[in-house]
Amino acid sequence: MSPLKSIYHWLNVRLGVDELVEKRLTGYLLPRSINAWYSLGSVLLVIFGIQVVTGILLLIYYVPDAEKAFKSVTYIMNDVHFGWLIRMCHAVGSNMMVAVLLLHMLSALFMGSHKSPRELNWVTGFILFNLVLGISLTGYLLPWSQLSFWATTVATNSAGAIPVIGQYLVEFLRGGKLVGPHTLGRFFAVHVVLLPLVIGALIGAHLFLLERIGVSTPPFGQKETKSTWQGDEFRHESHPGGIPFFPNYLLQDVTSILIYLAIFFCVVFFSPYIFFPPTAFVPADPFKTPAHIKPEWYFLANYQTLKVFPSELLGLMVQGAAMTFLALIPFIDRGKERHPLKRPLFLACFIGGIILFIGMTIWGHYS
Amino acid sequence: MQTTSRRKFLGICLGGLAAAGTAATAYPLLSYLAPRSIDETGGKVTFPETEIPPDGAKIFDYRGTTGVVIRKQSGELVALSAICTHLGCIVQWENEKQNFLCPCHAGRFTPDGAVISGPPPKPLAKLPITVANGVVTVG
(Lines give C-alpha, C1' and ligand atoms only; values in the text may rest on other atoms or scores of the structure.)
Protein backbone atom coordinates (compact mmCIF):
# COMPACT_ATOMS: atom_id res chain seq x y z
CA MET A 1 0.00 0.00 0.00
CA SER A 2 1.36 3.45 -0.95
CA PRO A 3 2.06 5.90 1.91
CA LEU A 4 -0.86 8.14 0.87
CA LYS A 5 -3.24 5.20 0.79
CA SER A 6 -1.95 4.12 4.19
CA ILE A 7 -2.69 7.56 5.67
CA TYR A 8 -6.12 7.54 4.04
CA HIS A 9 -6.83 4.08 5.44
CA TRP A 10 -5.63 5.18 8.90
CA LEU A 11 -7.99 8.18 8.83
CA ASN A 12 -10.83 6.16 7.30
CA VAL A 13 -10.94 3.58 10.09
CA ARG A 14 -11.01 6.39 12.65
CA LEU A 15 -13.26 8.99 10.98
CA GLY A 16 -15.26 6.98 8.48
CA VAL A 17 -14.09 9.16 5.56
CA ASP A 18 -15.71 6.86 2.96
CA GLU A 19 -19.06 7.20 4.69
CA LEU A 20 -18.68 10.98 5.01
CA VAL A 21 -17.82 11.33 1.31
CA GLU A 22 -20.78 9.13 0.38
CA LYS A 23 -23.20 10.96 2.67
CA ARG A 24 -22.06 14.56 2.17
CA LEU A 25 -20.57 14.64 -1.32
CA THR A 26 -21.19 11.88 -3.85
CA GLY A 27 -24.40 10.63 -2.29
CA TYR A 28 -25.72 14.10 -1.42
CA LEU A 29 -28.27 14.52 -4.18
CA LEU A 30 -29.64 17.84 -5.41
CA PRO A 31 -32.68 18.45 -7.64
CA ARG A 32 -31.99 17.73 -11.32
CA SER A 33 -33.47 21.12 -12.26
CA ILE A 34 -31.09 23.04 -9.93
CA ASN A 35 -29.65 26.17 -11.55
CA ALA A 36 -26.63 28.47 -11.23
CA TRP A 37 -28.43 30.88 -8.87
CA TYR A 38 -28.21 28.25 -6.15
CA SER A 39 -24.42 28.64 -6.15
CA LEU A 40 -24.51 32.26 -4.91
CA GLY A 41 -24.40 31.03 -1.31
CA SER A 42 -21.03 29.39 -2.00
CA VAL A 43 -19.82 32.59 -3.68
CA LEU A 44 -20.82 34.51 -0.56
CA LEU A 45 -18.90 32.09 1.65
CA VAL A 46 -15.79 32.72 -0.46
CA ILE A 47 -16.32 36.49 -0.28
CA PHE A 48 -16.71 36.32 3.51
CA GLY A 49 -13.50 34.27 3.68
CA ILE A 50 -11.63 36.86 1.58
CA GLN A 51 -12.97 39.66 3.80
CA VAL A 52 -11.80 37.87 6.96
CA VAL A 53 -8.32 37.14 5.57
CA THR A 54 -7.76 40.64 4.11
CA GLY A 55 -9.21 42.17 7.29
CA ILE A 56 -6.73 40.27 9.48
CA LEU A 57 -3.90 41.34 7.16
CA LEU A 58 -4.97 45.00 7.38
CA LEU A 59 -4.99 44.76 11.17
CA ILE A 60 -1.24 44.16 11.07
CA TYR A 61 -0.59 47.75 9.96
CA TYR A 62 -3.81 49.63 10.75
CA VAL A 63 -3.80 51.78 13.93
CA PRO A 64 -7.28 52.43 15.43
CA ASP A 65 -6.39 55.86 16.81
CA ALA A 66 -7.99 59.04 15.48
CA GLU A 67 -4.55 60.68 15.28
CA LYS A 68 -2.93 57.81 13.42
CA ALA A 69 -5.68 55.92 11.54
CA PHE A 70 -5.54 57.90 8.29
CA LYS A 71 -1.75 57.88 8.31
CA SER A 72 -1.66 54.13 8.85
CA VAL A 73 -4.05 53.57 5.93
CA THR A 74 -1.89 55.84 3.74
CA TYR A 75 1.14 53.83 4.85
CA ILE A 76 -0.60 50.58 3.87
CA MET A 77 -1.52 52.03 0.48
CA ASN A 78 1.83 53.61 -0.35
CA ASP A 79 4.62 51.90 1.56
CA VAL A 80 3.70 48.33 2.47
CA HIS A 81 4.38 45.89 -0.35
CA PHE A 82 1.04 44.97 -1.96
CA GLY A 83 -0.73 46.89 0.81
CA TRP A 84 -2.83 48.61 -1.86
CA LEU A 85 -3.93 45.18 -3.13
CA ILE A 86 -4.97 43.93 0.30
CA ARG A 87 -6.87 47.12 1.10
CA MET A 88 -8.53 47.32 -2.31
CA CYS A 89 -9.60 43.67 -2.05
CA HIS A 90 -11.14 44.43 1.36
CA ALA A 91 -12.89 47.66 0.29
CA VAL A 92 -14.11 46.39 -3.10
CA GLY A 93 -15.01 43.03 -1.51
CA SER A 94 -17.33 44.69 1.01
CA ASN A 95 -19.27 46.35 -1.81
CA MET A 96 -19.35 43.13 -3.83
CA MET A 97 -20.57 41.20 -0.80
CA VAL A 98 -23.61 43.46 -0.48
CA ALA A 99 -24.30 43.17 -4.24
CA VAL A 100 -24.03 39.35 -4.29
CA LEU A 101 -26.07 39.11 -1.10
CA LEU A 102 -28.83 41.15 -2.76
CA LEU A 103 -28.74 38.82 -5.79
CA HIS A 104 -28.83 35.76 -3.52
CA MET A 105 -31.89 37.08 -1.69
CA LEU A 106 -33.65 38.17 -4.88
CA SER A 107 -33.10 34.76 -6.49
CA ALA A 108 -34.42 33.01 -3.36
CA LEU A 109 -37.50 35.24 -3.45
CA PHE A 110 -38.03 34.79 -7.19
CA MET A 111 -37.93 31.00 -6.93
CA GLY A 112 -40.09 30.93 -3.81
CA SER A 113 -37.30 29.25 -1.82
CA HIS A 114 -38.18 31.41 1.19
CA LYS A 115 -41.59 29.78 1.48
CA SER A 116 -42.70 27.31 4.10
CA PRO A 117 -40.97 25.21 5.46
CA ARG A 118 -37.88 27.41 4.92
CA GLU A 119 -39.01 30.50 6.84
CA LEU A 120 -36.07 30.20 9.25
CA ASN A 121 -33.59 30.04 6.37
CA TRP A 122 -35.04 33.32 5.09
CA VAL A 123 -35.06 34.99 8.49
CA THR A 124 -31.43 34.02 9.27
CA GLY A 125 -30.44 35.18 5.77
CA PHE A 126 -32.26 38.47 6.26
CA ILE A 127 -30.54 39.06 9.60
CA LEU A 128 -27.23 38.25 7.91
CA PHE A 129 -27.98 40.86 5.26
CA ASN A 130 -28.54 43.49 7.95
CA LEU A 131 -25.37 42.48 9.77
CA VAL A 132 -23.39 42.78 6.53
CA LEU A 133 -24.79 46.30 6.10
CA GLY A 134 -23.74 46.97 9.72
CA ILE A 135 -20.21 45.65 9.23
CA SER A 136 -19.89 47.74 6.05
CA LEU A 137 -21.06 50.87 7.87
CA THR A 138 -18.70 50.38 10.81
CA GLY A 139 -15.77 49.60 8.50
CA TYR A 140 -16.48 52.76 6.53
CA LEU A 141 -15.35 54.94 9.44
CA LEU A 142 -12.03 53.20 10.07
CA PRO A 143 -9.86 54.97 7.42
CA TRP A 144 -10.76 58.22 9.24
CA SER A 145 -11.04 60.21 6.01
CA GLN A 146 -13.36 63.14 5.39
CA LEU A 147 -15.71 60.71 3.66
CA SER A 148 -15.68 58.24 6.57
CA PHE A 149 -16.08 60.93 9.18
CA TRP A 150 -18.97 62.82 7.60
CA ALA A 151 -20.78 59.78 6.20
CA THR A 152 -20.75 58.35 9.74
CA THR A 153 -21.94 61.68 11.15
CA VAL A 154 -24.91 61.66 8.77
CA ALA A 155 -25.66 57.94 9.23
CA THR A 156 -25.59 58.03 13.04
CA ASN A 157 -27.56 61.27 13.07
CA SER A 158 -30.53 59.52 11.41
CA ALA A 159 -31.16 57.58 14.61
CA GLY A 160 -31.94 60.91 16.31
CA ALA A 161 -35.36 60.99 14.61
CA ILE A 162 -36.56 58.09 16.78
CA PRO A 163 -38.87 59.56 19.45
CA VAL A 164 -37.80 59.64 23.11
CA ILE A 165 -34.58 57.60 22.87
CA GLY A 166 -33.33 59.08 19.58
CA GLN A 167 -30.84 61.57 20.95
CA TYR A 168 -29.52 59.13 23.53
CA LEU A 169 -29.15 56.48 20.81
CA VAL A 170 -27.10 58.87 18.64
CA GLU A 171 -24.75 59.61 21.54
CA PHE A 172 -24.57 55.91 22.43
CA LEU A 173 -23.59 55.01 18.87
CA ARG A 174 -21.01 57.77 18.74
CA GLY A 175 -19.69 57.45 22.26
CA GLY A 176 -20.19 61.21 22.63
CA LYS A 177 -22.15 64.13 21.29
CA LEU A 178 -20.22 64.17 18.03
CA VAL A 179 -18.31 61.63 15.96
CA GLY A 180 -14.79 61.51 17.38
CA PRO A 181 -12.04 59.24 18.73
CA HIS A 182 -14.56 57.39 20.93
CA THR A 183 -16.67 56.57 17.87
CA LEU A 184 -13.62 55.13 16.15
CA GLY A 185 -12.88 52.90 19.16
CA ARG A 186 -16.36 51.41 19.34
CA PHE A 187 -16.82 51.08 15.59
CA PHE A 188 -13.43 49.34 15.41
CA ALA A 189 -14.37 46.83 18.12
CA VAL A 190 -17.75 46.14 16.51
CA HIS A 191 -16.23 45.85 13.02
CA VAL A 192 -13.32 43.53 13.78
CA VAL A 193 -14.64 41.39 16.64
CA LEU A 194 -18.35 41.53 17.40
CA LEU A 195 -19.91 41.51 13.94
CA PRO A 196 -17.54 38.94 12.36
CA LEU A 197 -18.30 36.56 15.26
CA VAL A 198 -22.06 37.07 15.02
CA ILE A 199 -21.99 36.79 11.21
CA GLY A 200 -19.90 33.60 11.45
CA ALA A 201 -22.36 32.10 13.94
CA LEU A 202 -25.35 33.02 11.79
CA ILE A 203 -23.72 31.58 8.67
CA GLY A 204 -23.37 28.37 10.69
CA ALA A 205 -27.06 28.52 11.65
CA HIS A 206 -28.07 29.27 8.04
CA LEU A 207 -26.11 26.27 6.73
CA PHE A 208 -27.41 24.04 9.52
CA LEU A 209 -30.98 24.93 8.57
CA LEU A 210 -30.22 24.30 4.90
CA GLU A 211 -28.76 20.90 5.73
CA ARG A 212 -31.68 19.94 8.00
CA ILE A 213 -34.54 20.91 5.72
CA GLY A 214 -32.82 20.11 2.41
CA VAL A 215 -32.26 22.15 -0.75
CA SER A 216 -35.49 23.44 -2.32
CA THR A 217 -36.50 22.32 -5.79
CA PRO A 218 -36.51 25.19 -8.31
CA PRO A 219 -40.03 25.89 -9.55
CA PHE A 220 -38.93 25.75 -13.19
CA GLY A 221 -39.04 22.67 -15.39
CA GLN A 222 -41.39 20.88 -13.00
CA LYS A 223 -44.91 19.85 -13.82
CA GLU A 224 -45.98 20.42 -10.23
CA THR A 225 -44.44 23.43 -8.51
CA LYS A 226 -46.59 23.47 -5.40
CA SER A 227 -45.12 22.47 -2.07
CA THR A 228 -46.71 19.28 -0.78
CA TRP A 229 -45.52 19.76 2.77
CA GLN A 230 -48.47 19.74 5.14
CA GLY A 231 -46.66 21.38 8.07
CA ASP A 232 -47.53 18.50 10.37
CA GLU A 233 -44.10 17.02 11.02
CA PHE A 234 -40.42 17.55 10.19
CA ARG A 235 -39.44 16.38 6.75
CA HIS A 236 -36.02 16.59 5.10
CA GLU A 237 -36.54 17.28 1.41
CA SER A 238 -34.41 14.71 -0.37
CA HIS A 239 -34.05 14.42 -4.11
CA PRO A 240 -33.88 10.76 -5.18
CA GLY A 241 -32.57 10.46 -8.71
CA GLY A 242 -31.02 13.94 -8.45
CA ILE A 243 -27.50 15.02 -9.33
CA PRO A 244 -24.69 14.47 -6.80
CA PHE A 245 -23.18 17.51 -5.09
CA PHE A 246 -19.71 16.14 -5.91
CA PRO A 247 -18.58 16.41 -8.62
CA ASN A 248 -21.59 17.82 -10.51
CA TYR A 249 -22.76 20.78 -8.46
CA LEU A 250 -19.38 21.54 -6.96
CA LEU A 251 -18.28 22.25 -10.54
CA GLN A 252 -21.11 24.80 -10.82
CA ASP A 253 -20.06 26.32 -7.48
CA VAL A 254 -16.44 26.60 -8.66
CA THR A 255 -17.57 28.10 -11.99
CA SER A 256 -19.66 30.76 -10.23
CA ILE A 257 -16.82 31.51 -7.79
CA LEU A 258 -14.35 31.93 -10.66
CA ILE A 259 -16.75 34.20 -12.58
CA TYR A 260 -17.15 36.26 -9.41
CA LEU A 261 -13.37 36.43 -8.88
CA ALA A 262 -12.88 37.52 -12.52
CA ILE A 263 -15.33 40.42 -12.03
CA PHE A 264 -13.87 41.21 -8.60
CA PHE A 265 -10.28 41.40 -9.82
CA CYS A 266 -11.36 43.41 -12.89
CA VAL A 267 -12.68 46.06 -10.50
CA VAL A 268 -9.64 45.80 -8.17
CA PHE A 269 -7.10 46.13 -10.99
CA PHE A 270 -8.84 48.30 -13.58
CA SER A 271 -11.25 50.49 -11.64
CA PRO A 272 -10.18 50.35 -7.99
CA TYR A 273 -11.45 53.82 -7.13
CA ILE A 274 -14.99 53.19 -8.34
CA PHE A 275 -16.11 53.13 -4.71
CA PHE A 276 -13.83 55.99 -3.59
CA PRO A 277 -14.94 59.60 -4.08
CA PRO A 278 -12.21 62.28 -3.73
CA THR A 279 -13.12 62.93 -0.06
CA ALA A 280 -11.89 59.41 0.74
CA PHE A 281 -8.32 60.66 0.24
CA VAL A 282 -8.49 63.63 2.62
CA PRO A 283 -7.92 63.11 6.36
CA ALA A 284 -10.94 63.74 8.60
CA ASP A 285 -11.42 67.33 9.68
CA PRO A 286 -14.14 67.71 12.35
CA PHE A 287 -14.36 71.46 11.64
CA LYS A 288 -14.87 71.30 7.89
CA THR A 289 -17.82 69.51 6.28
CA PRO A 290 -17.16 68.77 2.61
CA ALA A 291 -19.88 69.40 0.03
CA HIS A 292 -22.04 66.54 -1.29
CA ILE A 293 -21.46 63.87 1.30
CA LYS A 294 -23.27 60.74 0.12
CA PRO A 295 -23.45 57.28 1.66
CA GLU A 296 -22.32 54.10 -0.11
CA TRP A 297 -24.43 53.03 -3.11
CA TYR A 298 -26.38 50.45 -1.10
CA PHE A 299 -27.59 53.12 1.35
CA LEU A 300 -28.48 55.69 -1.34
CA ALA A 301 -32.11 54.46 -1.57
CA ASN A 302 -32.50 54.83 2.22
CA TYR A 303 -30.81 58.23 2.08
CA GLN A 304 -33.18 59.45 -0.65
CA THR A 305 -36.22 58.01 1.16
CA LEU A 306 -35.33 60.09 4.22
CA LYS A 307 -35.15 63.16 1.99
CA VAL A 308 -38.46 62.73 0.15
CA PHE A 309 -40.55 62.49 3.29
CA PRO A 310 -41.38 65.77 5.02
CA SER A 311 -40.33 64.41 8.40
CA GLU A 312 -37.31 62.26 9.12
CA LEU A 313 -39.36 60.14 11.54
CA LEU A 314 -41.86 59.33 8.79
CA GLY A 315 -39.01 58.37 6.46
CA LEU A 316 -37.52 56.08 9.11
CA MET A 317 -40.93 54.54 9.83
CA VAL A 318 -41.53 53.79 6.15
CA GLN A 319 -38.13 52.14 5.90
CA GLY A 320 -38.69 50.22 9.12
CA ALA A 321 -42.05 49.00 7.81
CA ALA A 322 -40.51 47.95 4.47
CA MET A 323 -37.70 46.05 6.22
CA THR A 324 -40.14 44.37 8.62
CA PHE A 325 -42.32 43.35 5.67
CA LEU A 326 -39.29 41.84 3.90
CA ALA A 327 -38.16 40.05 7.06
CA LEU A 328 -41.60 38.50 7.56
CA ILE A 329 -42.39 37.83 3.90
CA PRO A 330 -42.48 34.00 4.23
CA PHE A 331 -45.11 34.40 6.97
CA ILE A 332 -47.17 36.80 4.84
CA ASP A 333 -46.77 35.15 1.42
CA ARG A 334 -48.18 31.77 2.46
CA GLY A 335 -49.50 30.42 -0.84
CA LYS A 336 -48.11 27.02 -1.80
CA GLU A 337 -47.45 28.00 -5.43
CA ARG A 338 -43.78 28.77 -6.10
CA HIS A 339 -43.60 29.46 -9.84
CA PRO A 340 -43.24 33.25 -10.26
CA LEU A 341 -45.37 33.33 -13.40
CA LYS A 342 -48.21 31.71 -11.49
CA ARG A 343 -47.93 34.42 -8.78
CA PRO A 344 -48.78 37.66 -10.64
CA LEU A 345 -49.19 39.82 -7.53
CA PHE A 346 -45.82 38.64 -6.20
CA LEU A 347 -44.16 39.19 -9.58
CA ALA A 348 -45.56 42.73 -9.83
CA CYS A 349 -44.32 43.57 -6.30
CA PHE A 350 -40.96 41.91 -7.01
CA ILE A 351 -40.30 43.87 -10.21
CA GLY A 352 -41.82 47.05 -8.73
CA GLY A 353 -39.63 46.74 -5.65
CA ILE A 354 -36.46 46.35 -7.70
CA ILE A 355 -37.37 49.31 -9.93
CA LEU A 356 -38.18 51.40 -6.85
CA PHE A 357 -34.84 50.51 -5.20
CA ILE A 358 -32.84 51.25 -8.36
CA GLY A 359 -34.84 54.44 -9.01
CA MET A 360 -34.33 55.75 -5.48
CA THR A 361 -30.63 54.83 -5.65
CA ILE A 362 -30.14 56.76 -8.91
CA TRP A 363 -32.19 59.67 -7.57
CA GLY A 364 -30.13 59.65 -4.37
CA HIS A 365 -26.92 59.64 -6.40
CA TYR A 366 -27.89 62.65 -8.49
CA SER A 367 -29.87 64.59 -5.86
CA MET B 1 -6.55 5.16 -23.97
CA GLN B 2 -7.62 8.44 -25.56
CA THR B 3 -9.86 9.23 -22.59
CA THR B 4 -7.06 8.52 -20.15
CA SER B 5 -4.59 10.83 -21.87
CA ARG B 6 -7.18 13.62 -22.16
CA ARG B 7 -7.99 13.30 -18.49
CA LYS B 8 -4.28 13.40 -17.70
CA PHE B 9 -3.81 16.49 -19.87
CA LEU B 10 -6.71 18.29 -18.21
CA GLY B 11 -5.38 17.24 -14.80
CA ILE B 12 -1.97 18.72 -15.60
CA CYS B 13 -3.61 21.96 -16.86
CA LEU B 14 -5.70 22.23 -13.71
CA GLY B 15 -2.68 21.50 -11.53
CA GLY B 16 -0.72 24.17 -13.39
CA LEU B 17 -3.51 26.69 -12.93
CA ALA B 18 -3.76 25.84 -9.24
CA ALA B 19 0.01 26.26 -8.84
CA ALA B 20 -0.06 29.60 -10.70
CA GLY B 21 -2.98 30.77 -8.54
CA THR B 22 -1.18 29.72 -5.38
CA ALA B 23 1.99 31.54 -6.45
CA ALA B 24 -0.01 34.64 -7.44
CA THR B 25 -1.57 34.66 -3.96
CA ALA B 26 1.51 33.67 -1.98
CA TYR B 27 3.91 36.23 -3.48
CA PRO B 28 1.92 39.39 -2.58
CA LEU B 29 0.97 37.84 0.76
CA LEU B 30 4.56 37.08 1.77
CA SER B 31 5.74 40.47 0.47
CA TYR B 32 3.01 42.15 2.55
CA LEU B 33 4.07 40.30 5.68
CA ALA B 34 7.82 40.62 5.14
CA PRO B 35 9.52 43.08 7.53
CA ARG B 36 10.25 46.50 6.07
CA SER B 37 13.82 46.59 4.81
CA ILE B 38 16.18 48.73 6.88
CA ASP B 39 19.32 50.22 5.43
CA GLU B 40 22.01 48.36 7.35
CA THR B 41 24.95 50.15 5.78
CA GLY B 42 24.15 53.88 5.97
CA GLY B 43 22.11 55.75 8.53
CA LYS B 44 24.40 57.39 11.07
CA VAL B 45 23.06 58.40 14.48
CA THR B 46 24.08 61.79 15.82
CA PHE B 47 23.34 63.48 19.13
CA PRO B 48 24.98 66.13 21.36
CA GLU B 49 27.72 64.80 23.66
CA THR B 50 25.86 66.36 26.60
CA GLU B 51 23.13 63.72 26.19
CA ILE B 52 25.49 61.09 27.60
CA PRO B 53 25.03 61.18 31.40
CA PRO B 54 28.38 61.49 33.25
CA ASP B 55 27.68 58.37 35.29
CA GLY B 56 25.50 56.47 32.88
CA ALA B 57 24.88 55.29 29.36
CA LYS B 58 22.84 56.53 26.44
CA ILE B 59 20.79 53.87 24.71
CA PHE B 60 19.48 54.65 21.23
CA ASP B 61 17.90 53.11 18.11
CA TYR B 62 20.59 52.13 15.69
CA ARG B 63 19.75 50.84 12.18
CA GLY B 64 16.78 48.85 13.40
CA THR B 65 18.58 47.52 16.49
CA THR B 66 19.76 49.10 19.74
CA GLY B 67 23.10 50.76 20.48
CA VAL B 68 24.66 52.12 23.68
CA VAL B 69 27.32 54.77 24.34
CA ILE B 70 29.16 55.02 27.67
CA ARG B 71 31.88 57.25 28.97
CA LYS B 72 34.66 55.24 30.59
CA GLN B 73 36.40 56.53 33.73
CA SER B 74 39.27 57.56 31.50
CA GLY B 75 36.84 59.88 29.66
CA GLU B 76 36.93 57.81 26.48
CA LEU B 77 33.59 57.25 24.70
CA VAL B 78 32.71 53.70 23.67
CA ALA B 79 29.81 52.72 21.38
CA LEU B 80 28.57 49.13 21.44
CA SER B 81 25.61 47.11 20.31
CA ALA B 82 23.32 46.85 23.35
CA ILE B 83 22.00 43.46 22.22
CA CYS B 84 23.27 40.69 24.49
CA THR B 85 24.95 37.96 22.44
CA HIS B 86 23.25 35.27 24.52
CA LEU B 87 19.51 35.61 23.79
CA GLY B 88 19.11 39.18 22.54
CA CYS B 89 18.07 41.09 25.69
CA ILE B 90 19.21 44.70 26.11
CA VAL B 91 22.22 45.07 28.41
CA GLN B 92 22.19 47.69 31.23
CA TRP B 93 25.18 49.80 32.31
CA GLU B 94 26.04 49.46 36.01
CA ASN B 95 28.08 52.51 36.84
CA GLU B 96 29.21 51.45 40.31
CA LYS B 97 30.59 48.15 38.95
CA GLN B 98 31.71 49.80 35.70
CA ASN B 99 30.35 46.94 33.59
CA PHE B 100 27.31 45.85 31.62
CA LEU B 101 24.78 43.42 33.07
CA CYS B 102 22.30 41.51 30.96
CA PRO B 103 19.28 41.23 33.31
CA CYS B 104 17.90 38.16 31.53
CA HIS B 105 20.57 35.61 32.49
CA ALA B 106 23.15 37.66 34.39
CA GLY B 107 25.71 37.90 31.63
CA ARG B 108 28.38 40.53 32.34
CA PHE B 109 30.50 42.52 29.89
CA THR B 110 33.41 44.93 30.35
CA PRO B 111 33.04 48.58 29.21
CA ASP B 112 34.66 47.45 25.95
CA GLY B 113 32.10 44.67 25.46
CA ALA B 114 34.23 41.64 26.39
CA VAL B 115 32.47 38.83 28.28
CA ILE B 116 33.30 38.73 32.01
CA SER B 117 30.90 36.01 33.15
CA GLY B 118 27.62 34.27 32.41
CA PRO B 119 26.32 32.56 29.32
CA PRO B 120 27.02 35.11 26.50
CA PRO B 121 29.16 33.32 23.89
CA LYS B 122 30.60 36.44 22.23
CA PRO B 123 31.53 40.02 23.15
CA LEU B 124 29.16 42.91 22.38
CA ALA B 125 29.67 44.23 18.83
CA LYS B 126 31.70 47.47 18.66
CA LEU B 127 30.22 50.41 16.77
CA PRO B 128 32.27 53.14 15.08
CA ILE B 129 32.06 56.42 17.02
CA THR B 130 33.43 59.90 16.37
CA VAL B 131 33.09 63.14 18.31
CA ALA B 132 33.39 66.52 16.61
CA ASN B 133 32.37 69.94 17.96
CA GLY B 134 30.43 68.36 20.81
CA VAL B 135 28.40 66.14 18.48
CA VAL B 136 28.66 62.35 18.75
CA THR B 137 28.26 60.35 15.54
CA VAL B 138 27.75 56.59 15.67
CA GLY B 139 27.99 54.56 12.49
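Buried, here, means under 20% relative accessible area. The views below come from a predicted model.

**View 1. The buried residues of helix H11 of chain A.** Helix H11 covers residues 300-308 of chain A. Its buried residues are Leu300(A), Ala301(A), Tyr303(A), Gln304(A), Thr305(A) and Leu306(A). What lies over them? The cover includes H7, helix H12 (312-327) and H14 of chain A.

**View 2. Helices H6 and H9 of chain A pack together.** H6 spans residues 119-141, and H9 spans residues 181-213. Their axes lie 9 Å apart, at an angle of about 160°. Angles over 145 degrees count as roughly antiparallel, so H6(A) is roughly antiparallel to H9(A). The contact between H6(A) and H9(A) has 20 nonpolar, nine polar and no charged residues. The crossing of H6(A) and H9(A) is left-handed.

**View 3. The largest nonpolar core.** This core has 70 residues. Which of them touch the most other members? They are Tyr62(A), Trp144(A), Leu184(A), Ile199(A), Tyr260(A), Phe264(A) and Tyr32(B). Several helices of chain A give two or more residues to this core, including H3 (40-61), H4 (69-78), H7 (146-158) and H10 (245-270). H5(A) gives the most, with 13 residues. Apart from this core lies another, of 13 residues. Among its members are Val78(B), Leu80(B), Cys89(B) and Cys102(B). In soluble globular proteins, nonpolar side chains tend to be buried together.

**View 4. The surroundings of Leu184(A).** Neighbours within four places in sequence are left aside here. Leu184(A) is in contact with Tyr62(A), Pro64(A), Asp65(A), Ala66(A) and Ala69(A). Leu184(A) also contacts Leu141(A), Leu142(A) and Trp144(A). Tyr62(A) and Trp144(A) appear, with Leu184(A), among the core residues that touch the most other members.

Definitions and conventions: Residues are numbered from 1 along each chain as its sequence is written. Chains are lettered from A and ligands numbered from 1 in the order in which they are written. This is a predicted model: local features need pLDDT of at least 70, side-chain atom pairs count only at pLDDT 80 or more; totals for chains, interfaces and linings use all residues. Side-chain values use heavy atoms; hydrogens and water are left out. Axes are lines fitted to C-alpha atoms, for helices over the stretch in contact, and angles run from 0 to 180 degrees between N-to-C directions. Helices (H or I, at least four residues) and strands (E, at least two) are DSSP runs, numbered from the N terminus. Angles under 35 degrees count as roughly parallel, over 145 as roughly antiparallel, 65 to 115 as roughly perpendicular and the rest as oblique. A crossing is left-handed if the near helix is turned anticlockwise from the far one by less than a right angle, and right-handed if clockwise. Ala, Val, Leu, Ile, Met, Phe, Trp, Tyr, Cys and Pro count as nonpolar, Asp, Glu, Lys and Arg as charged, and the others, Gly among them, as polar. A nonpolar core is a set of buried Ala, Val, Leu, Ile, Met, Phe, Trp, Tyr and Cys residues joined through side-chain atoms within 4.5 Å. Buried means under 20% relative accessible area, exposed over 50%, partly exposed in between (1.4 Å probe, protein chains only). Contact means heavy atoms within 4.5 Å.
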